[in-house]
Amino acid sequence: MVDAVLVVSYGGPRGPEDVLPFMRNATRGRGIPDERLVEVSGHYQRFGGVSPINERNAELMDALGEALRERGLDVPVVIGNRNWTPYLADTLRELAASGLRDVRVVITAAYSSYSGCRQYREDLAGALAELGEEAEGFTFTKIGPYAETDGFVGANARALVAAVRELGGAEDLPAVLFVTHSIPTAMDAASGPGGEEGTYHAQHLRVAEAVAREASAELGVEVPWELVFCSRSGAPHIPWLEPDVNDRLEELAADGVERVVTAPIGFINDHMEVVFDLDTEARETAEGLGLGYVRAATVGVDPGFVALLADAVVAGERGTIAGMPTCGASCCGSGRPGAGAPTVLDNEGVS
Ligand SMILES: CC1=C(CCC(=O)O)c2cc3nc(cc4[nH]c(cc5[nH]c(cc1n2)c(C)c5CCC(=O)O)c(CCC(=O)O)c4C)C(CCC(=O)O)=C3C
Ligand SMILES: [Fe+2]
C-alpha cells in the first residue's frame, strides 16, 4: 500500500524577511564564509526575496499527482523541506495525524552526492527523531538518484535541441556548456554507492554524453560539449569542482567561439542557481564578451521526466527502473574530515 508521496526539497525564501533566516539555516555548521552568505542573500533580494523553488516544486507536485492518478495511484502528494517552510518535521507530523504512514519519497535532486542524496535522508531521519513517538509506523521508500535514466536524459536532450535551434541551429553550431552545482572535491570523492570514486562527477559526464548524443542525432551534427560548474562556496583554500562557468566563457571567447548554450543538467528545475548564476551572472559575462547566449530549459515538468518519477514511485524499488542506482545505507559521505558515521541512516525504512 502507498498512502502518500512525499517530495523532499531544499526550500527557499518566500519574501525579503525570509532571506536571512533561510541563509542561516542553509549555512549552519557548513564552514561558509560570511561574505558568501551576504553575497547569496543579495542574489535572493534581487528577486524580491523570493526563491523560484517553491513555485516550481508546486508545479512538479501537480504534474506528478496527475501522472500517478493516470497510473491508478490516487494519493496526496505533499512536500517537506530541509531549510525552509514547510519543514520536513511539520509535514511528517501532518502525515502521522492523517494516518498516512507508507510513504514514497521523491527528492528534488537527481545525482548522488552528500548534498543531494544522503543529507536528505539524514534530514528525514532527523525529522523522525524530532517526532519521537508520533513517528512510529512510518515506512519511507525513496526513489532515485534518477539522473542516469532515459526519462531524465531525454528531457534534457529535447531542451538542448530547442536551445541550439534558438541560437542558429546546426549551421551555426554553438559550444555547449553542461552546467551543474560545484561541490568540494572531497564531497565528490565520497559520493555514490561506495567504492567507486567521484560518482557525482562521473554521473554528470555520463549524462552529458548521453544528452549530447541524443541531441546530436536529432540535429544531424555532432554537438561539441563540456561540463562546467556554478555556485561554488566554501573557503577559498578548499578545492571545489572546476571550471566555473564564467571562467570558461572567457576562455571560449578568447579562443574565438561566438555562441554558447548553457544546459543546466545538474538542476531539475529553475532554482536560484539557474535564474541567478546562469540567467543573470553568466548571461552578463557572455554579453560582456560579445558571445551569443541561450540557456537551455531545465527538465521541469517535461512529460517524459514526470513519467519517469511516476513510474519509479509506482514501482517502489529503485532497481526496477533502468539507470537508477541503489545509493544505499552508507552512500554519499560529506567528505568533511571526521564526519563518517552513518548512524542516522541506520533508521529502518529510510532506504
Ligand atoms: C549538489 C548540490 C545541489 C543539487 C542537489 C539538490 O538540489 O539538493 C544543491 C542544490 C541547492 N542549493 C541551494 C541553495 C544553497 N546551497 C548552498 C550551499 C551548498 N550547496 C551545495 C551543493 C548542492 N546544492 C554545497 C556543497 C554547498 C556548501 C554548503 C554545504 O556543504 O552544504 C547555499 C549556501 C550559500 C552558498 O554557499 O551558496 C544555498 C543558499 C538550493 C536552493 C535554490 C533556490 O532557492 O532556488 C538548491 C536547490
Ligand atoms: Fe546548494
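Mentor: Before we start, a bit of vocabulary: Ala, Val, Leu, Ile, Met, Phe, Trp, Tyr, Cys and Pro count as nonpolar, Asp, Glu, Lys and Arg as charged, and the others, Gly among them, as polar. Also keep in mind that this is a predicted model.

Trainee: Got it. How do the residues of the shell around ligand 1 divide into nonpolar, polar and charged?

Mentor: The shell holds 26 residues, and G12, S51, A109, S233 and H271 come nearest to ligand 1. Sorting the shell by those classes gives eleven nonpolar, twelve polar and three charged.

Trainee: Which helix gives the largest share of that shell?

Mentor: Four helices each supply at least two residues: α2 (34–46), α5 (114–131), α10 (272–288) and α1 (16–27). The largest share is three residues, and the helix behind it is α1.

Trainee: And where does ligand 1 lie relative to the domains?

Mentor: Look at who contributes to its shell. Domain 1 (4–146 + 301–346) gives residues, and domain 2 (150–295) does too. So ligand 1 lies between domain 1 and domain 2.

Trainee: Moving on to helix packing, is α6 roughly parallel or antiparallel to α11?

Mentor: The axes of α6 (residues 150–166) and α11 (residues 303–315) come within 8 Å and cross at roughly 170 degrees. Angles over 145 degrees count as roughly antiparallel, so α6 is, relative to α11, roughly antiparallel.

Trainee: How many residues of the contact of α6 with α11 are charged?

Mentor: In α6 you have G151, F152, G154 and A155, which meet G304, F305, A307 and L308 in α11. Five of the contact residues are nonpolar and three are polar, while the charged ones number zero: no charged residues.

Methods
Residues numbered from 1 in each chain as written. Chains lettered and ligands numbered in written order. Predicted model: local features only at pLDDT ≥ 70, side-chain atom pairs only at ≥ 80, totals over all residues. Near = placed C-beta within 6 Å. Domains from an automatic or database assignment. Axes fitted to C-alpha atoms, helices over the stretch in contact; angles between N-to-C directions. Parallel < 35°, antiparallel > 145°, perpendicular 65-115°, else oblique. Contact = placed C-beta atoms within 7 Å.
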